[in-house]
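User: I am new to this structure and would like to be led through it with a few questions and answers. Could you take them one at a time?

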Amino acid sequence: MTNRLQNQVAIITGAADGIGSAIARLFASEGAKVCVADVDVERGLALVEELKAAGQQAIFAETDIADEDSVNAMVQATCEQLGEPNILVNNAALTPMGKSVLDVSREQWQRNFAVNVDGMWHCCRAVLPMMKAAGGGSIINVGSVHSFKVVPDSFPYGVTKHAVIGLTRNLAVEFGPDNIRVNALCPGMVETPNAFKAWEQTEDPAAARKAIGDVHPLRRNASVEEIARPAVFLASSESSFMTGHSLVVDGGRSVLYHD
Ligand SMILES: NC(=O)c1ccc[n+]([C@@H]2O[C@H](COP(=O)([O-])OP(=O)(O)OC[C@H]3O[C@@H](n4cnc5c(N)ncnc54)[C@H](O)[C@@H]3O)[C@@H](O)[C@H]2O)c1
């Protein structure tokens, strides 16, 4: 399918790499004008060049979502260069693993919340008045399987991902009357370039990749495109009666019983 996002303006945070870049590519191919908002200037600019070379409309805005001024400047640049956003994908997050509760310093806790939760809130605060004035919009907050289940030694990532669901549901209720839909998209393990880098650091990268793939009933990890496609669904009118929902895209991981 093409043109499901024709004439839409979409901000995608963390779009320079991983899942966010796949969402940016697919949104642009579906006709959206895309703002790639990321701290990573080199990768962000390279993606925008790629999209423009394919005849698509995109801008890069260097953005640290933890900084509200930086977010406001990014939204202003989007309005000036692409138009007012009707779609926001809150995708950027820090994804540190291997930390147990007492290993985490106060600074690490605060930085994780500043990016993963405050960052989403800053972006929502900036776009909600525009969406309200325009008569609607769609916000997608990227959660995780960590939004519903606790994976040991993933602290405080899992706490921040639980908070994403609370934010999503609150905004959905408050802005439903304004025709602004707010949903969460919750992936299982996704094969991003950073995931491959992490596996390369193990003794047996193929075994490390297979081990995590095997925790999903589908016995594999997701590709980034398998997360981008449901993001298009949530952004477009195909999901027009869905709000406050958490769309779990995890190869069955969250329904598997462990004891
Ligand atoms: N990869 C997975 O297996 C997986 C699984 C479930 C959920 N998720 C979620 O999907 C989203 C994307 O994850 P990913 O694996 O693609 O991550 P990634 O680390 O590959 O990419 C994250 C991007 O966010 C950017 N970023 C980091 N901090 C930022 C900040 N302060 N401001 C703006 N941009 C910032 C990075 O530069 C990078 O481009 C995250 O919300 C993550 O929690 C990922």
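User: Is the crossing of H4 and H5 left-handed or right-handed?
Analyst: This is a predicted model, and in it helix H4 covers residues 106–134 while helix H5 covers residues 157–175. The crossing that H4 and H5 make is right-handed.

User: Why is H4 roughly parallel to H5?
Analyst: The axes of H4 and H5 are 10 Å apart, and the two helices pack at an angle of about 15°. Angles under 35 degrees count as roughly parallel, and the angle between these helices therefore makes H4, relative to H5, roughly parallel.

User: How many nonpolar residues does the contact of H4 with H5 have?
Analyst: On the H4 side the contact includes Trp109, Phe113 and Leu128, which meet a set of H5 residues that includes Tyr157, Leu167 and Phe175. Lys132 in H4 also takes part. Sorted by class, the contact has one charged residue, three polar residues and, as the number asked for, 14 nonpolar.

User: Which three residues supply 53% of the area that domain 1 buries against domain 2?
Analyst: The chain is divided into domain 1 (9–187 + 223–247) and domain 2 (190–221), whose C-alpha centres lie 24 Å apart. Nine residues of domain 1 are in contact with eight of domain 2, and the two domains bury about 530 Å² between them, with 54% of it on carbon and sulfur atoms. Of the area that domain 1 buries against domain 2, 53% is supplied by three residues, more than by any other three, and these are Asp17, Ser223 and Glu226.

How values were computed
Residues numbered from 1 in each chain as written. Predicted model: local features only at pLDDT ≥ 70, side-chain atom pairs only at ≥ 80, totals over all residues. Heavy atoms only, no water. Axes fitted to C-alpha atoms, helices over the stretch in contact; angles between N-to-C directions. Helix = DSSP H or I, 4+ residues; strand = E, 2+ residues; numbered from the N terminus. Parallel < 35°, antiparallel > 145°, perpendicular 65-115°, else oblique. Left-handed = near helix turned anticlockwise from the far one by under 90°. Contact = heavy atoms within 4.5 Å. Nonpolar A, V, L, I, M, F, W, Y, C, P; charged D, E, K, R; others polar. Domains from an automatic or database assignment. Buried area = accessible area lost by both parts, 1.4 Å probe.
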